[in-house]
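Open the model in your viewer and keep the selection tool at hand. The tour below goes from one selection to the next and says what is there.

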Amino acid sequence: MGDMSEKQHTEKEAAGQESGEVSAGGGTSEALSESGSPSEERAAEERAKDAATAAAGLAVVFSDNHLLVLNKPAGVPTVPDESGDLSLLEVAKEWVRTKKQKPGRVFLGVVHRLDRPVSGIVVFARTSKAAARLSEQVREQTVEKVYWGVVPQRPGSAQGQLDV
């Protein structure tokens, strides 16, 4: 997103030019790109079907015109990774496309991530303006993060240090 003005960014978003980008902490990276070969097109169609099936069971905590807040299950990558497994981002885009009746490509800004083995709340920005503002809040550490751990038995004391 860099030095681009809000107007330029909105124009690119409307034109679908950012659909292959994933943003996190102000940076972007290319997501999986589409190809024209028949076998890759079939694979893309199957992936879209898988995303649609997963989107039907997505645990949406909150949604409005600016944000999409989801409960990420453990074992699911937040964004596409080298495993090729369906990511929460892909499923969330499909959910927005179908539930919000968004034609074409869906923009979702990745504000933060949770590691694959972790479950919890993930916030996606539905607009570039929301993504910029939320990323700034994360950068400036004005967002409070709370982490809860599940343990097999009650800890010996109310507080302490975990040695790893």
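Which residue in strand 6 is the bridge partner of Val110? Select Val110 and look across to strand 6: the partner is Phe124. Keep in mind that this is a predicted model.

**Confidence**

Colour the chain by pLDDT. The mean is 79, and 78% of the residues reach 70 or more. Now select residues 1–34, where the pLDDT is below 50. Beyond near neighbours in sequence, this stretch has 50 contacts in the model. Where pLDDT is low, the predicted coordinates should not be read in detail.

**The sheet**

Select strand 3 (residues 60–63) and strand 4 (residues 67–72). These two run antiparallel and are joined by three bridges. They make a hairpin, with three residues between them. Show the side chains of Val60 and Phe62: Val60 stands opposite Leu70 in strand 4, and Phe62 stands opposite Val69 in strand 4.

Next add strand 6 (120–125). Strand 4 and strand 6 run antiparallel, with six bridges between them. Leu70, already met as the residue opposite Val60, also stands opposite Val122 in strand 6. Further along strand 4, select Lys72; its bridge partner in strand 6 is Gly120.

Finish with strand 5 (109–110). Two bridges join strand 5 to strand 6, and this pair is antiparallel too. One of the residues paired here is Val110, with Phe124 as its partner.

With the four strands selected together, you have an open sheet in the order 3-4-6-5, with antiparallel pairing. Which strands stand at the edges? They are strand 3 and strand 5; each has a single partner strand, so one side of each is left without a neighbour in the sheet.

**Helices on the sheet**

Select helix 3 (residues 88–99), which packs on the sheet and touches strand 3, strand 4, strand 5 and strand 6. Its direction makes about 130 degrees with that of strand 4. Then select helix 4 (128–139). Helix 4 also packs on the sheet, touching strand 4, strand 5 and strand 6. The direction of helix 4 makes about 130 degrees with that of strand 6.

**A pocket**

The last stop is the second largest pocket, with a volume of about 550 Å³. Which residues lie nearest its centre? Select His112, Leu114, Ile121, Lys145 and Val146; these belong to a lining of 19 residues. Strand 6 and helix 4, both visited above, each supply at least two residues of this lining. Coloured by type, the lining residues divide into twelve nonpolar, four polar and three charged.

Key. Residues numbered from 1 in each chain as written. Predicted model: local features only at pLDDT ≥ 70, side-chain atom pairs only at ≥ 80, totals over all residues. Heavy atoms only, no water. 1 Å grid on protein atoms, 1.4 Å probe; cavity = no way out; pocket = protein on both sides within 12 Å on 5 of 7 lines; lining within 4 Å. Points joined across faces, edges and corners; volume = space filled by probe spheres on them. Nonpolar A, V, L, I, M, F, W, Y, C, P; charged D, E, K, R; others polar. pLDDT = per-residue confidence, 0-100. Contact = heavy atoms within 4.5 Å. Pairing = 2+ DSSP bridges. Axes fitted to C-alpha atoms, helices over the stretch in contact; angles between N-to-C directions.
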